Amino acid sequence: DELAKDQRPMAEKFAALAHSRSDCGSFQNGGDLGAFGHGEMQSQFEEGTWAIKVGEVSGIVDSDSGTHIIYRTA
């Protein structure tokens, strides 16, 4: 809901929300986990990432390490 309300470009507003709301260490980089390939992340997270197109935001993705909202940039 917060992403939809914000008028900034998606990359900017996603990074701001990740920085303020995430409990993952990636919050320091606006939620950016960097590039990764198949087999490098938990399967639920990877499936959530590959299920969306570049530039899209996922719905809620639950994994063994928590609950995620993914913004795919590449």
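A salt bridge here is a side-chain nitrogen of Lys or Arg within 4 Å of a carboxyl oxygen of Asp or Glu. In this predicted model, the side chains of D6 and R8 satisfy that description, with nitrogen and oxygen 2.6 Å apart. The two partners differ in their surroundings, because D6 is buried at a relative accessible area of 19%, whereas R8 is partly exposed at 34%. R8 also forms a salt bridge with E12, where the closest N and O atoms are 3.9 Å apart, and this pair counts because the cut-off is 4 Å. E12 is itself partly exposed, with a relative accessible area of 40%, and D6, R8 and E12 are thereby linked in a network of salt bridges.

By the same rule the count comes to three salt bridges, and one of them joins the side chains of E2 and R21, with 2.4 Å from N to O. E2 lies in helix α1, which covers residues 2-5, and R21 lies in helix α2, which covers residues 10-21, so this pair ties together parts that are 19 residues apart in sequence. E2 is partly exposed, with a relative accessible area of 40%, while R21 is exposed, with a relative accessible area of 60%. As a general matter, side chains of opposite charge can pair when their charged atoms come close.

These helices belong to a chain that holds three helices and two strands, and reading along the sequence gives the pattern α-α-α-β-β. The C-alpha trace spans about 35 × 25 × 20 Å along its principal axes. For 74 residues, a compact globule would have a radius of gyration near 11 Å, and the protein chain, at 12 Å, agrees with that expectation. Buried residues make up 28% of the 74 residues in the protein chain. Among contacts between residues at least 6 apart in sequence, 10% join residues at least 24 apart.

From the charged pairs we can turn to the aromatic residues. A pair of aromatic rings is described by the distance of the centres and the angle of the planes. A search of the whole structure finds three aromatic pairs, among them F36 with F45, a tilted pair with 6.0 Å from centre to centre and 50° between the planes. The rings of F36 and W50 have their centres 5.7 Å apart and their planes at 45°, so this pair is tilted as well. F36 lies in the loop between α2 and α3, and W50 lies in helix α3, so the pair of F36 and W50 ties together parts that are 14 residues apart in sequence. Together, F36, F45 and W50 form one aromatic cluster. Within that cluster F45 is buried, with a relative accessible area of 10%, whereas W50, at 30% relative accessibility, counts as partly exposed.

F45 also leads into the arrangement of helix α3, whose buried residues are F45, E46, G48 and T49. Seen down the axis of α3, these buried residues fall within an arc of 160°, so they line one face of the helix. What do the buried residues of α3 pack against? They pack against the strands β1, residues 61-63, and β2.

The second of these strands, β2, covers residues 66-68 and includes H68. Is H68 buried or exposed? At 17% relative accessibility, H68 counts as buried, because the limit for that class is under 20%. The side chain of H68 reaches the backbone oxygen of G66 at 3.4 Å. Leaving aside neighbours within four places in sequence, H68 is in contact with F45, G59, I60, V61 and S63. F45 therefore appears in two settings, as a member of the aromatic cluster with F36 and W50 and as one of the residues that H68 contacts, where contact means heavy atoms within 4.5 Å.

How values were computed. Residues numbered from 1 in each chain as written. Predicted model: local features only at pLDDT ≥ 70, side-chain atom pairs only at ≥ 80, totals over all residues. Heavy atoms only, no water. Helix = DSSP H or I, 4+ residues; strand = E, 2+ residues; numbered from the N terminus. Buried < 20%, exposed > 50% of the residue type's maximum accessible area, 1.4 Å probe, protein only. Phe/Tyr/Trp six-rings, centres within 6.5 Å; stacked < 30°, edge-to-face > 60°. Polar contact = N/O pair within 3.5 Å; in protein donor to acceptor, adjacent residues only side chain to side chain. Arc of directions from axis to C-beta. Rg over C-alpha atoms; globule rule 2.2 N^0.38 Å.
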